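Student: Please take me through one part of this model in detail. I would like to look at a single helix and the contacts its side chains make.

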Amino acid sequence: MGVHNVHERLLPATEDEVGALLDGLASGDGDRLWPGGAWAPMEFDRPLAVGAAGGHGPVRYTVAGYAPGRWIRFAFTGPRGFHGFHELAVLPAGPEHTVLHHTLTMTTGGPARLTWPLLWRPMHDALLEDALDRAELSCTGTVSRPARWSPYVRLLRALGRRVLRTRRRPATGPAAA
């Protein structure tokens, strides 16, 4: 299955201001783009540069291309069945306006042919809109139309929390001894 997914936001900011958001990805407390409070943090094995490996939650990738302040491409390494990339680009849109553009292009195979449309896509779309809200907040101090999670995304997140809680419980009883 071929997937091409685009999200973008026109921001009343310069390319350099929006580019600084891109360069701050995965920088911990200095990251003004990634919605880490609501989503698994974006983390890498080294500072943001070509070859850095990491991801967020079960979604894994390496930095395949990086032009600081302008563009970054991540090549998927997981989950199984994701073959392609996603990228962020800072695009000029006139004086004092810039578009922050995200593209995901991939093919899916195996279980991902089902899990992408049923699980990953709704979660991906919600996460990206949250990130664009953070970009807008960083550039303007407000968000004109905040993204809202659909009931389906809220259900998926609740199920995910339940699975994580179950996996984290320590074993008890005679078999644990």
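Tutor: What follows is a close look at helix H2 and its partners. Keep in mind that the model is predicted.

Start with the span: helix H2 covers residues 112–140. One salt bridge stays inside the helix. Arg-121 meets Asp-125 there, at 3.3 Å from N to O. The two residues sit 4 apart in helix H2, about one turn. Arg-121 is partly exposed, because its relative accessibility of 37% falls between the 20% and 50% cut-offs.

Another salt bridge leaves the helix. Glu-129 pairs with Arg-9, and their closest N and O atoms are 3.2 Å apart. Arg-9 belongs to strand E1 (residues 2–11) and Glu-129 to helix H2, so this pair ties together parts 120 residues apart in sequence. The two ends differ in cover. Glu-129 is partly exposed at 26% relative accessibility, whereas Arg-9 is buried at 13%. The limit for buried is under 20%, so Arg-9 qualifies.

This pair is part of a network. Salt bridges with shared partners join Arg-9, Glu-129, Asp-133 and Glu-136. In total, the structure holds 8 salt bridges.

Helix H2 also has a nonpolar side to its story. A surface patch of about 560 Å² is formed by Leu-114, Leu-118, Leu-119, Tyr-152, Leu-155 and Leu-159. Helix H2 and helix H3 (151–168) each contribute at least two of the patch residues. Tyr-152 comes from helix H3. This tyrosine, Tyr-152, is partly exposed, with a relative accessible area of 38%.

Definitions and conventions
Residues numbered from 1 in each chain as written. Predicted model: local features only at pLDDT ≥ 70, side-chain atom pairs only at ≥ 80, totals over all residues. Heavy atoms only, no water. Patch = residues over 30% accessible without salt bridge, like charges linked within 9 Å, V, L, I, M, F, W, Y side chains within 5 Å. Areas by Shrake-Rupley, 256 points an atom, 1.4 Å probe, with all protein chains shown as cover. Salt bridge = Lys/Arg side-chain N within 4 Å of Asp/Glu carboxyl O. Buried < 20%, exposed > 50% of the residue type's maximum accessible area, 1.4 Å probe, protein only.
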